[in-house]
Amino acid sequence: MDADTQYIEFVEKIKNLLPSVYPDSPPLAHIHSFGCQQNESDSEKIKGLLADMGYGFTDDTNNAELIIYNTCAVRENAELKVFGNIGELKHLKELNPKLVIGICGCMAQQEHIVEKIRKTYKQVDMVWGTFALFSMPKLLHEVLTERKRVFEISESDKTIHENISTVRNGAFKASVPIMYGCNNFCSYCIVPYVRGRERSRSSEAIIDEIKGLVKDGYREIMLLGQNVNSYGKDLDEHINFSGLLKKIDNIDGNFRVRFMSSHPKDATFELVDTIIESKKICKHFHLPIQSGSDRILSQMNRNYTSEDYLKIIEHARNKLPDFSFSTDIIVGFPNENEEDFQKTMDIIRKVKYDNIYSFIYSKRTGTKAALIEDKTPQEEKTKHMRTLLSVQREIATERYKRFIGRTLRVLVDGEGKKGAGHLSGKSDEFIIVEFNGEKKLIGKFVEVEITAAHNWALEGNIIN
């Protein structure tokens with residue numbers, strides 16, 4: 001029996017089983033995602049499967065008959081947080097022996113984590129890894145009918161399962177995975193080990209999904225992949241990421257498109273030109289540099305130099321000076337010295353990022369970087385982080401001033417920090433904009449004239 005047939009069969013079995021297990025009312029499920037937007041997207045598919053089975057949903061674990069944690073393994077703190085949350089579920093299991101607890105996602109793809117859950121967290125009923133998402137109905141059926149613990153951490157599944165029901169978490173923003181896995185093996189990153197090799201969806205499947213979302217009123221589409229710039233390399237059809245964006249840009253409708261994550265080694269002038277020339281692709285590129293030091297980049301196995309990176313920035317800014325860039329930076333990679341850090345600061349000052357997501361290096365067991373003896377003191381890493389944040393605040397404040405007096409198109413996300421009568425949204429440049437307005441505008445595009453700039457956001461007034 002193939003995987004598609006099997007999960008459909010067990011979805012139906014559980015749908016028929018639930019009324020006898022929970023005769024008083026349909027059971028409620030609580031799904032919580034940790035980590036990246038890919039996890040959020042996977043959780044939407046899990047919710048789709050559960051909805052097909054007959055489950056409802058709740059935000060309160062106390063009301064749930066099924067609790068699923070979709071986990072992240074990027075940083076140690078993320079794992080510790082998950083274990084803390086699992087531990088707190090023990091008393092719920094004691095109060096409700098029929099409660100089913102499931103752990104899935106990137107943590108669950110690591111054997112040492114699975115063994116820890118098996119031995120220490122007996123309240124957990126089922127565990128499945130990133131390649132066993134569509135085994136979940138079968139595992140849940142075993143738990144419900146046999147009341148036994150089940151574990152599934154199968155090796156990489158190259159199959160991409162389409163036509164799966166999805167329960168979206170948002171009403172006007174939607175994520176669309178275009179590929180899965182990663183081939184890069186950056187020395188600090190666990191993702192290739194828990195997500196497998198790159199597997200691209202067909203452009204036809206992606207276009208069909210986006211057309212359906214636009215028809216349903218979604219206004220922002222986020223294209224997801226561990227490295228979207230590698231899209232299409234494994235497909236028989238002759239298409240790359242730039243070609244996919246051009247197809248998406250030709251879809252009729254009032255919507256905009258973002259994407260993440262990108263790898264600089266696969267970022268091309270062609271891709272930048274496609275973004276700039278498009279109608280619907282946001283003029284913003286999140287391009288993680290991680291470090292400005294070529295020595296550190298080599299140890300990170302990033303496969304580009306700071307000079308290679310700057311060529312992409314220069315190409316974009318020469319064509320469109322307002323082109324918005326954000327980035328990721330790791331501070332304190334093993335044995336990073338003062339010269340290495342200052343080279344990172346040089347890049348920050350040259351590029352003038354609109355936003356930076358910075359992190360102090362966190363060792364991940366199972367990666368090559370974890371084996372490096374690190375002689376850089378923690379207090380030096382902390383000092384460097386403070387310096388970076390201070391400089392970036394100054395850069396962002398100055399750079400955001402370029403929008404004062406101009407009008408930006410903003411998708412309204414919700415109420416602003418000032419409360420009632422104030423709204424917040426993001427511009428096409430992925431910059432937060434705060435302004436006065438009524439809640440009925442949430443989920444709609446508005447034109448905002450910018451009147452002030454801060455280091456974290458812009459302020460303005462809606463143009464009627």
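User: Which elements do the buried residues of H8 pack against?
Analyst: In this predicted model, helix H8 has a set of buried residues, among them Ile-206, Ile-207 and Ile-210. An α-helix has 3.6 residues a turn, so residues three or four places apart point the same way. The buried residues of H8 pack against E7, strand E10 (220-224) and H9.

User: How far apart are the end C-alpha atoms of H8, and what span should its 13 residues have?
Analyst: Counting 1.5 Å a residue, the 13 residues of H8 should span 18 Å. The end C-alpha atoms agree with that expected span, as they are 18 Å apart.

User: Which residue just after H8 takes a positive phi?
Analyst: Let's step just past the end of the helix. The phi there is positive, at about 100 degrees. The residue that takes it is Gly-217.

User: Are the rings of Phe-83 and Tyr-121 stacked or edge-to-face?
Analyst: A pair of aromatic rings is described by the distance of the centres and the angle of the planes. The structure holds nine aromatic pairs. For Phe-83 and Tyr-121 the centres are 5.4 Å apart and the planes stand at 15 degrees. With planes under 30 degrees apart counting as stacked, this pair of Phe-83 and Tyr-121 is stacked.

User: How many residues apart in sequence are the parts that Phe-83 and Tyr-121 tie together?
Analyst: Phe-83 belongs to helix H3 (residues 76-88), while Tyr-121 sits in the loop between helix H5 (111-120) and strand E5 (126-128). Phe-83 counts as buried at 7% relative accessibility, and Tyr-121 is buried with a relative accessible area of 13%. Their pairing ties together parts of the chain whose separation in sequence is 38 residues.

User: Is the pair of Phe-241 and Phe-259 stacked or edge-to-face?
Analyst: The two ring centres of Phe-241 and Phe-259 are 5.1 Å apart, and their planes stand at 80 degrees. Planes over 60 degrees apart count as edge-to-face, so the pair of Phe-241 and Phe-259 is edge-to-face.

User: Where do Phe-241 and Phe-259 lie?
Analyst: Both are buried: Phe-241 has a relative accessible area of 2%, and Phe-259 has one of 7%. The pair links distant parts of the chain, 18 residues apart. Phe-241 lies in helix H9 (residues 241-249) and Phe-259 in strand E11 (residues 256-260).

User: Which residues form one aromatic cluster with Phe-241 and Phe-259?
Analyst: Here we look beyond a single pair. Phe-241 and Phe-259 belong to one aromatic cluster. The residues that join them there are Phe-285, Phe-323 and Phe-325.

User: Which residue lies over the face of Phe-445?
Analyst: A charged residue can be found over a ring here: Lys-47, for example, lies over the face of Phe-57, at 5.2 Å from the ring centre. For Phe-445, the distance to the ring centre is 3.6 Å. The residue over its face is Arg-409.

User: How many residues apart in sequence are the parts tied together by Glu-162 and Arg-201?
Analyst: Side chains of opposite charge can pair when their charged atoms come close. Glu-162 forms a salt bridge with Arg-201, with the closest N and O atoms 2.8 Å apart. Glu-162 lies in the loop between strand E6 (150-152) and strand E7 (173-177), and Arg-201 in the loop between strand E9 (199-200) and helix H8 (203-215). The separation in sequence of the parts they tie together is 39 residues.

User: Is Lys-440 buried or exposed?
Analyst: Lys-440 and Glu-438 meet through their side chains in a salt bridge (3.5 Å, N to O). Glu-438 counts as partly exposed, at 49% relative accessibility. For Lys-440 the value is 60%, and over 50% is the range for exposed. Lys-440 therefore counts as exposed.

User: Which residue in E17 stands opposite Ser-424?
Analyst: Strand E16 (residues 419-427) and strand E17 (residues 432-436) pair in the antiparallel sense over five bridges. The hairpin has four residues between the strands, and Phe-430 takes a positive phi near 65 degrees. Opposite Ser-424 in E17 stands Glu-434.

User: What is the bridge partner of Phe-435 in E19?
Analyst: E17 and strand E19 (residues 458-462) pair in the parallel sense over three bridges. In E19, Phe-435 has as its bridge partner Gly-460.

Definitions and conventions. Residues are numbered from 1 along each chain as its sequence is written. This is a predicted model: local features need pLDDT of at least 70, side-chain atom pairs count only at pLDDT 80 or more; totals for chains, interfaces and linings use all residues. Side-chain values use heavy atoms; hydrogens and water are left out. Rings of Phe, Tyr and Trp (its six-membered ring) pair if their centres lie within 6.5 Å; planes under 30 degrees apart count as stacked, over 60 as edge-to-face and the rest as tilted. Helices (H or I, at least four residues) and strands (E, at least two) are DSSP runs, numbered from the N terminus. Buried means under 20% relative accessible area, exposed over 50%, partly exposed in between (1.4 Å probe, protein chains only). A charge sits over a ring if NZ of Lys or CZ of Arg is within 6 Å of the ring centre and within 35 degrees of the ring normal. A salt bridge is a side-chain nitrogen of Lys or Arg within 4 Å of a carboxyl oxygen of Asp or Glu. The expected span of a helix is 1.5 Å times one less than its number of residues. Contact means heavy atoms within 4.5 Å. Two strands pair if DSSP finds at least two bridges between them.
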